[in-house]
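Visitor: I should like to learn how to read a structural model, feature by feature. Might we go through one together?

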Amino acid sequence: MNGHEAVERTRRDYDNVAELYDSMVSQGDDVTGTLTTAMINAFAGLVHAGGSDGAVLDAGCGPGQWTDHLDRGGTRAYGIDLSPAMIAIARQYRPDLRFEIGSMLHLDAPDQSIAGVLAHFSLIHTPPDLLPGVLAEFARVIEPGGSLLIAAQITDTPGADGWIPYDHKASPAYLWSLDALTEQLRAHDFTEFGRMRIAAPAPGKPPAGYLLARQGPYLSESADD
Ligand SMILES: C[S@@+](CC[C@H](N)C(=O)[O-])C[C@H]1O[C@@H](n2cnc3c(N)ncnc32)[C@H](O)[C@@H]1O
């Protein structure tokens, strides 16, 4: 499967499961939800600390629950997703927010126009050879000093290139280690700010990882010691 076919496959697969996915998201898991919310709020906090009044992009937003969360918390946000069915659901929940069909591989945004990008379990389906292109797009659109939060199922035992295939229920996917993802980010001038690992929910299932990064070097105005 080439890159274009892989992306089309992901679009089709998520169109087919969009309603089921939305109902699973609505049921949620309280413990994981608390950790996730804390990390997404930290991402929003980092965006605001940077003093930007730009919007953040929820890239691969699915039914838009985190776009909604960010907006309710006072962070301007919009979502894009490959899947028209996902975007239709997101628009039903929040017709007042901007949700567009689009691909992370070619973002429809000017250079340095976005305060931050949230990629919440949406990079896992990107074939590994296309991941640098997606991160280059994030680096292109995020303002200097802007923020990036990546969440993904991860592996603690990656292959030589930093990833292994993942037998995901919805669509072919890939597990990276947090260290390998950080290396990839570094190659695109992102600096890791913090990370979180959530234990596997059941035997045989992967853990989840969160990586919070900043575009450019990690500089704090008060860090003079
Ligand atoms: C597991 S769901 C996550 C949805 C949502 N972010 C969440 O946290 O529930 C993955 C989503 O990423 C989208 N996606 C995958 N690859 C994408 C790409 N290259 N560009 C845009 N969306 C993509 C899929 O269509 C799907 O809606």
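Guide: Certainly. Please bear in mind that this is a predicted model. Let us begin with Glu137, which lies in helix H5, residues 131-141.

Visitor: Is Glu137 buried or exposed?

Guide: The relative accessible area decides the matter, and a residue counts as buried under 20%. Glu137 has a value of 12%, so it is buried.

Visitor: Which residues does Glu137 touch, leaving aside those up to four places away in sequence?

Guide: They are Met104, Leu105, His106 and Leu107. In addition, the side chain of Glu137 makes a polar contact of 2.7 Å with the side chain of Arg140.

Visitor: How should one think about two positions such as these within a helix?

Guide: In an α-helix there are 3.6 residues a turn, so residues three or four places apart point the same way. The contact between the side chains of Glu137 and Arg140 may be viewed with that in mind.

Visitor: Which strands does H5 lie across?

Guide: H5 lies across strand S1 (56-59), strand S4 (114-120), S5, S8 and S9. Relative to S5, the helix runs at about 145°.

Visitor: In what order do the strands of the sheet stand?

Guide: The general idea is that strands of a sheet pair through backbone hydrogen bonds, either parallel or antiparallel. Here seven strands form an open sheet with mixed pairing, in the order S3-S2-S1-S4-S5-S9-S8. Strand S3 (99-101) and strand S8 (190-198) each have a single partner strand and stand at the edges, so one side of each lacks a neighbour in the sheet. On average, neighbouring strands are turned by 15° against each other, direction ignored.

Visitor: How many bridges join S5 to S9?

Guide: Seven bridges join strand S5 (residues 142-153) to strand S9 (residues 208-215), and the two run antiparallel. Two examples may be followed in the model: Leu148 has Ala213 in S9 as its bridge partner, and Ala151 has Tyr210. S9 is also joined to S8, by eight bridges and again in an antiparallel manner. Ala213 in S9 is the bridge partner of Glu192.

Visitor: Why is S9 largely enclosed by the rest of the structure?

Guide: Seven of its eight residues are buried, so the strand is largely enclosed.

Visitor: Which residues of S5 and S8 might serve as further examples?

Guide: Gln153 is found in strand S5. With a relative accessible area of 16%, Gln153 is buried. Its contacts, not counting residues up to four places away in sequence, include Phe121, Tyr166, Trp176 and Pro207. Gly194 is found in strand S8. Under the same exclusion of residues up to four places away, Gly194 touches Met39, Tyr210, Leu211 and Leu212.

Visitor: Let us turn to helix H1. Where does H1 bend?

Guide: H1, which spans residues 3-27, bends by about 60° at Ala18. Its ends also repay attention. At the N-terminal end, Asn2 acts as a cap, with a side-chain oxygen 3.1 Å from the backbone nitrogen of His4. Just after H1, Gly28 takes a positive phi of about 65°.

Visitor: Which residues of H1 are buried?

Guide: They are Ala6, Val7, Thr10, Asp13, Tyr14, Ala18 and Asp22. Helix H4 (84-93) is included in what covers them. Arg11 is found in H1 as well, but it is partly exposed, with a relative accessible area of 22%. Arg11 touches Leu82, Ser83, Pro84 and Ile101, not counting residues up to four places away in sequence.

Visitor: How far apart are Arg11 and Ser171 in sequence and in space?

Guide: They are 160 residues apart in sequence and 9.1 Å apart in space, C-alpha to C-alpha. For Gly194 and Pro127, 67 residues apart along the chain, the C-alpha atoms are separated by 25 Å.

Visitor: Finally, which residues are closest to the ligand?

Guide: The ligand is surrounded by 18 residues, and the closest are Tyr21, Gly60, Gln65, Asp81 and His120. One may then examine individual atoms. A backbone N or O atom of Gly60 lies 2.8 Å from a nitrogen atom of the ligand. In the side chain of Gln65, an N or O atom is 2.8 Å from an oxygen atom of the ligand. For Asp81, a polar side-chain atom lies 2.6 Å from an oxygen atom of the ligand.

Definitions and conventions. Residues numbered from 1 in each chain as written. Predicted model: local features only at pLDDT ≥ 70, side-chain atom pairs only at ≥ 80, totals over all residues. Heavy atoms only, no water. Bend = angle between axes of the 7 residues up to and from the residue. Helix = DSSP H or I, 4+ residues; strand = E, 2+ residues; numbered from the N terminus. Buried < 20%, exposed > 50% of the residue type's maximum accessible area, 1.4 Å probe, protein only. Contact = heavy atoms within 4.5 Å. Polar contact = N/O pair within 3.5 Å; in protein donor to acceptor, adjacent residues only side chain to side chain. Pairing = 2+ DSSP bridges. Axes fitted to C-alpha atoms, helices over the stretch in contact; angles between N-to-C directions. Near = heavy atom within 4 Å.
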